[in-house]
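Reader: I have the sequence and the model open, but I don't know where to begin. Please take me through some of it, one question at a time.

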Amino acid sequence: MRKAYRNALALLNGAALLLSAAAAVRAVELGRTGGPYVPTPQVVVDQMLRMAEVGANDFVLDLGSGDGVIVLTAARQFKARGFGVDIDPELVKLSNDSARRLGVADRVAFQVQDVFNADLSRASVLTLYLLPSMMSDLLPKVFLELKPGARVVSHDYHFGDDWQADDYMTFDVPEKEAINGVPRATIYLWIVPAKVAGKWRLSIEGGAGGYELDLKQKFQMFEGSALAGGKSTKIELPQLRGEAIRFALNAGAGRHVFSGRVSGDSMQGTVELGTGRGTVRWTATRVATQAAAR
Ligand SMILES: C[S@@+](CC[C@H](N)C(=O)[O-])C[C@H]1O[C@@H](n2cnc3c(N)ncnc32)[C@H](O)[C@@H]1O
């Protein structure tokens, strides 16, 4: 317990953490601390929100919201709505006071809550600045509760090799030197992928045939095969970004290139026919599910 707390202090160091040391100790005692309070510098907050392309239609949720800087900035600069949860009641009170003072209390709120009890389903953007062990523990919840297409942005810490970031950037932040000894910040971005694992029946319009797809998925990566006329073909060039899907199938003379959107148990879009017969529509329906591999 003591060792875990010392490690937490070493990773997120600085004078600011003393403010919420008591809350961090309580969380360590519960065995699940995301680390003590260390605010993300404003320049990093701005870049996180830009990287997630936050806009007025977004609902931004910060897990372990500290003084509320990320959600407050999303409301003030990007007109978003949002919510923050933190285990430290003083930080939550400070955040709600700031929201009233800044005139955004109609769009954002903060609540005392353990991150594991937070409802993520409303969020279109999830922000994180939590210790690596907490990131790993949160991974299944984040992947399963967020809607496909939701963006996750994290300051400095990632989900390990399990769920690789779709994008990241590192830049100089001199003021972080005094906080954790590293004058740089890294921001990671993930786009929550649609769940595509399972068996699908795919039809191409205009009598161009159909396939039985058998897909396996690991986060945004998927692979599989397509069966038509007793012949199995490997899925080529698979891409999944949120609900947007793309893949190709060898069609003898050329390649059919499919692009479209996944919506629950159906997919639809257009296919450029490799046989040189132009572009037509395709649809697919899931006929058997299979848990997405993690
Ligand atoms: C490094 S600070 C980040 C604050 C803010 N998100 C930011 O980036 O400025 C981590 C915050 O997570 C909170 N925290 C740690 N463990 C938590 C838990 N299990 N549930 C809720 N909040 C937690 C701490 O109180 C602290 O305010």
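**Strands, helix and ligand**

Reader: Which residue of strand 10 stands opposite Lys218?
Author: Look at strand 9 and strand 10 (residues 221-228), which pair in the antiparallel sense over seven bridges. Two strands pair if DSSP finds at least two bridges between them. Opposite Lys218, in strand 10, stands Met221.

Reader: What kind of model is this?
Author: Residues are numbered from 1 along each chain as its sequence is written, and side-chain values use heavy atoms, with hydrogens and water left out. Local features need pLDDT of at least 70, side-chain atom pairs count only at pLDDT 80 or more, and totals for chains, interfaces and linings use all residues: this is a predicted model.

Reader: How many helices and strands does the protein have?
Author: Both are DSSP runs, numbered from the N terminus. A helix is a run of H or I with at least four residues, and a strand is a run of E with at least two. The protein has seven helices and 16 strands.

Reader: What percentage of the residues is buried?
Author: Buried means under 20% relative accessible area, exposed means over 50%, and partly exposed lies in between (1.4 Å probe, protein chains only). Of the 294 residues in the protein, the buried ones make up 48%.

Reader: Which side chains of strand 9 point to the buried face?
Author: Side chains alternate along strand 9 (residues 210-218). Gly210, Glu212, Asp214, Lys216 and Lys218 point to one face and are not buried. The other face is buried, and to it point Tyr211, Leu213, Leu215 and Gln217.

Reader: Which residue in the turn between strand 9 and strand 10 has a positive phi?
Author: These two strands form a hairpin. Two residues lie between them. The one in the turn with a positive phi, about 50°, is Phe219.

Reader: Which residue of strand 9 stands opposite Trp200?
Author: Strand 8 (residues 198-204) pairs with strand 9. The pairing is antiparallel and has six bridges. Trp200 stands opposite Leu213.

Reader: Which strands are at the edges of the nine-strand sheet?
Author: The sheet is open, and its order is 11-10-9-8-16-15-14-13-12, with antiparallel pairing. An edge strand here pairs on one side only. The edges are strand 11 (231-234) and strand 12 (236-241).

Reader: Is Thr233 buried or exposed?
Author: Thr233 is found in strand 11. Contact means heavy atoms within 4.5 Å. Leaving aside neighbours within four places in sequence, Thr233 is in contact with Gly224, Ser225, Ala226 and Asn250. Its relative accessible area is 15%, so Thr233 is buried.

Reader: How far apart in space are Ala228 and Glu212?
Author: Ala228 is found in strand 10, and it is partly exposed, with a relative accessible area of 25%. Not counting residues up to four places away in sequence, Ala228 touches Gly210 and Tyr211. Ala228 and Glu212 are 16 residues apart in sequence, but their C-alpha to C-alpha distance is 6.7 Å.

Reader: Which residue of strand 14 stands opposite Arg246?
Author: Start with strand 12 and strand 13, a hairpin with two residues between the strands. Across it, Gln239 stands opposite Arg246. Strand 13 (residues 244-250) is also joined to strand 14 (residues 255-263), antiparallel, by seven bridges. On that side, Arg246 stands opposite Ser259.

Reader: Why is helix 4 largely enclosed by the rest of the structure?
Author: Val69, Ile70, Val71, Leu72, Thr73, Ala74, Ala75 and Phe78 are buried in this helix. Their cover includes helix 3 (42-51), helix 5 (89-101) and strand 1 (59-63), among others. Helix 4 (residues 69-78) is largely enclosed because, of its 10 residues, the number buried is eight.

Reader: Which residues come nearest to the ligand?
Author: A residue is near a molecule if one of its heavy atoms lies within 4 Å of it. There are 25 residues around the ligand. Those that come nearest are Gly34, Thr40, Asp62, Gly64 and Asp86.

Reader: How far is a polar backbone atom of Val115 from a nitrogen atom of the ligand?
Author: A polar contact with the ligand is a pair of N or O atoms within 3.5 Å. A backbone N or O atom of Gly64 lies 2.6 Å from a ligand nitrogen. For a polar side-chain atom of Asp114, the distance to a ligand nitrogen is 3.5 Å. For the polar backbone atom of Val115, it is 3.0 Å.

How values were computed: Polar contact = N/O pair within 3.5 Å; in protein donor to acceptor, adjacent residues only side chain to side chain.
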